[in-house]
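Trainee: I would like a close look at one part of this model, and then an account of what else can be read from it. Please start from a single residue.

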Amino acid sequence: MRLLFFAVIASIAFFPVPAFADGITQEQLRAHIDILASDAFEGRKPGTAGENKTVNYIATQWLKAGLSGGAPDSGWYMKVGLVERAPGAQDITFLRQAGRRTRKIDIGDGQIVLRGSQAASQISSAELVHAGYATASVDELRPEVEGKVAFLFLSGQPLVPDFPSYRERKARLIAAGANGVIAVIRGKNRWLRFERRFRLPATNLDREGLHAQVEGMISEAGLARLLRKSGLKPADIVESAGGQNFVVQPIAATVNMSVETGVRTFISHNVIGKIAGQRPDGQALLYMGHWDHLGICGDEGESDRICNGAVDNASGISLLIETARQLADARPDRDIYFLATTAEENGLLGARAFVADPVIALDKLIAVFNADTVALTAEGRKIAVIGMGQSALDPQIDLVAEQEGREIDMSGKPDVYLARQDGFVFTEIGVPAFMITSAFADEERLNAFLDGRYHDVSDEVDGELVLGGATDDANFHVSLGRHFGNIATYPKKPTSGDVQN
Ligand SMILES: [Zn+2]
């Protein structure tokens with residue numbers, strides 16, 4: 001019934017209805033998307049002229065909305081050091097000892113691809129180990145892998161709850177001192193696909209200790225040859241690697257590697273704004289969304305080569321600008337931060353940089369709300385709450401939804417996107433983070449987008465851009481801010497009235 005009520009109100013919102021005068025409108029959202037997704041912004045790729053225009057625009061809009069700079073020294077920009085690496089020429093030789101002689105092991109052509117942390121990386125006579133899934137602790141791994149080159153299963157892991165990601169397992173090997181980490185890719189087609197992708201330039205955070213001297217991928221078939229020639233049975237490793245007692249399997253072979261890598265370092269920026277609370281209690285809210293997109297991505301010779309990213313994620317940034325304006329006017333008790341992240345498309349990098357170097361202690365964050373790809377559906381629809389079931393905050397989200405007459409999609413389907421959005425960086429470390437949008441509750445429109453315009457030159461502003469749901473989402477984000485930003489509403493103080501009720 002609430003939903004119906006909402007739909008009726010929304011359908012007459014095209015007329016000037018005074019009660020809606022203070023709410024966020026489709027026209028406001030569209031104005032920002034028009035600019036951010038225009039060709040002049042060149043697809044908002046980090047490290048380009050498009051970045052400068054984008055981060056300038058966001059900071060200017062937040063300033064106009066009444067925010068102050070939220071970065072250190074009241075600045076607006078947090079520097080994020082990035083490094084782009086592309087595999088170049090490589091010479092890799094596996095060797096085994098046969099009596100007194102050293103013999104080459106032929107693993108077949110095109111079965112391994114590497115990239116170095118430096119432009120020229122050289123590893124000589126390195127010992128090899130198979131680290132299985134590398135789920136042991138850093139201390140357990142250290143004596144087994146230090147100074148060696150380790151193979152690591154990318155996936156196909158046993159179905160264990162909270163099984164660490166590849167990223168996390170690789171980090172353990174690097175922390176344990178492995179000189180090289182090489183992912184094992186199963187399946188021939190999968191290998192071809194991964195290998196092709198790995199040869200493209202990849203962007204990562206430029207931070208010490210994040211990368212081994214050499215990283216890369218090997219096909220399952222290539223590794224199987226290497227293992228057999230070293231007297232090991234590949235199937236035995238696959239079987240034992242999932243077990244409790246598997247730490248690392250030494251391989252009776254060594255490797256010489258000479259790897260050239262195209263390395264380009266550059267500085268990108270997160271934009272951070274702040275609404276200073278009227279009665280600050282040390283706790284804060286954080287709103288976030290990624291400003292970056294893919295830049296010039298179309299094939300050479302095409303007339304339109306710009307991936308404008310109107311939906312992904314000019315729409316989310318537009319929501320953040322207008323939500324900030326409303327909340328600045330509302331003068332909440334608590335501090336509210338707004339974060340526009342860079343390099344989400346490269347693996348949530350701007351969000352990771354923020355968490356590594358936060359402007360507020362992370363345990364002071366009551367909640368994080370990420371806005372990404374919000375412009376897909378019409379007004380009055382259900383909302384997806386990605387991040388539900390991950391923290392103790394769920395009943396509070398339910399409460400705001402109920403107050404606002406919004407129905408939450410309880411199908412569980414939107415949960416598959418949990419790890420694919422910036423908020424996950426906070427979820428991983430136990431900070432309650434949500435991505436709340438009607439776009440991800442409309443399965444049909446979402447799938448049509450993912451199969452069509454997603455990461456394509458056609459994600460641009462045209463007649464098909466739908467902003468009803470995005471406008472609902474924006475107004476809902478304002479309600480979330482009013483609820484969590486005020487001491488009277490959260491945490492709700494027990495009163496005598498509550499007890500009597
Ligand atoms: Zn994207």
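What is the relative accessible area of Glu428, and which class does that put the residue in?

Mentor: The model is predicted, so everything that follows is computed from predicted coordinates. Glu428 has a relative accessible area of 42% and is therefore partly exposed. The class rests on two cut-offs: under 20% is buried, over 50% is exposed, and partly exposed lies in between. Glu428 sits in the loop between helix H12 (424-427) and strand E17 (433-437). Its C-alpha atom is 9.4 Å from that of Gln390, with the two positions 38 residues apart along the chain.

The region around Glu428 also carries an annotation. The unreviewed UniProt entry records "domain: Peptidase M28" over residues 270-462. Across that range the chain is 27% helix and 20% strand. The C-alpha atoms at the two ends of the range are 28 Å apart.

The zinc site comes next. The zinc ion has protein donors from Asp312 (OD), Glu345 (OE, listed twice) and His455 (NE2), at distances of 2.0 to 2.4 Å. Along the chain these donors follow the spacing D-x32-E-x109-H. Asp312 and His455 link distant parts of the chain, since they are 143 residues apart. Asp312 belongs to helix H9 (residues 310-330), whereas His455 is in the loop between helix H13 (443-451) and helix H14 (468-484).

The geometry at the metal is irregular, because the angles subtended by the four donor atoms run from 58 to 153°. Four donors count as tetrahedral if all angles lie between 85 and 135 degrees. For comparison, the ideal angle for four tetrahedral donors is 109.5 degrees.

The two donors just placed fall in separate accessibility classes. Asp312 is buried, because its relative accessibility is 3%. His455, at 28%, counts as partly exposed.

Asp312 has a second feature, in the backbone. The peptide bond joining Asp312 to Asn313 is cis, with omega at about 0°. Asn313 is also found in helix H9. Another cis peptide bond runs from Tyr490 to Pro491, where omega is near -15°. Pro491 lies in the loop between H14 and helix H15 (496-500).

That loop between H14 and H15 also holds Ile487. With a relative accessibility of 16%, Ile487 counts as buried. The C-alpha atoms of Ile487 and Ala328 are 16 Å apart, although 159 residues separate the two in sequence.

Past H9, the chain enters the loop leading to strand E14 (335-341), and Arg331 is in that loop. Arg331 has a positive phi of about 45° and is not a glycine. Its relative accessibility is 52%, so Arg331 counts as exposed. Ser74, also not a glycine, has a positive phi of about 60°. The place of Ser74 is the loop between strand E1 (68-69) and strand E2 (77-98), and Ser74 counts as exposed because its relative accessibility is 53%.

Helix H9 also packs against another helix. The axes of H2 and H9 come within 8 Å and cross at roughly 130°. That angle makes H2 oblique to H9. The crossing is right-handed.

H2 (residues 26-36) has a further partner in H3 (residues 49-64): their axes are 11 Å apart and the packing angle is about 155°. H2 and H3 are therefore roughly antiparallel to each other. Here too H2 makes a right-handed crossing, in this case passing H3. The cut-off behind the two labels is that angles over 145 degrees count as roughly antiparallel.

Finally, another glutamate can be set beside the one you asked about. Glu144 lies in helix H4 (residues 138-145). Its relative accessible area is 30%, so Glu144 is partly exposed. The C-alpha atoms of Glu144 and Glu84 are separated by 30 Å, with these positions 60 residues apart along the chain.

Terms used: Residues are numbered from 1 along each chain as its sequence is written. This is a predicted model: local features need pLDDT of at least 70, side-chain atom pairs count only at pLDDT 80 or more; totals for chains, interfaces and linings use all residues. Side-chain values use heavy atoms; hydrogens and water are left out. Donors are N, O and S atoms within 2.8 Å of the metal (3.2 Å for Na, K and Ca); water is not among the atoms, so sites may look incomplete. Four donors count as tetrahedral if all angles lie between 85 and 135 degrees; four count as square planar and six as octahedral if opposite donors are over 155 degrees apart and all others between 65 and 115; anything else is irregular. Helices (H or I, at least four residues) and strands (E, at least two) are DSSP runs, numbered from the N terminus. Buried means under 20% relative accessible area, exposed over 50%, partly exposed in between (1.4 Å probe, protein chains only). UniProt positions are given in the numbering used here, feature names are shortened, and annotations may be inferred rather than shown by experiment. Axes are lines fitted to C-alpha atoms, for helices over the stretch in contact, and angles run from 0 to 180 degrees between N-to-C directions. Angles under 35 degrees count as roughly parallel, over 145 as roughly antiparallel, 65 to 115 as roughly perpendicular and the rest as oblique. A crossing is left-handed if the near helix is turned anticlockwise from the far one by less than a right angle, and right-handed if clockwise.
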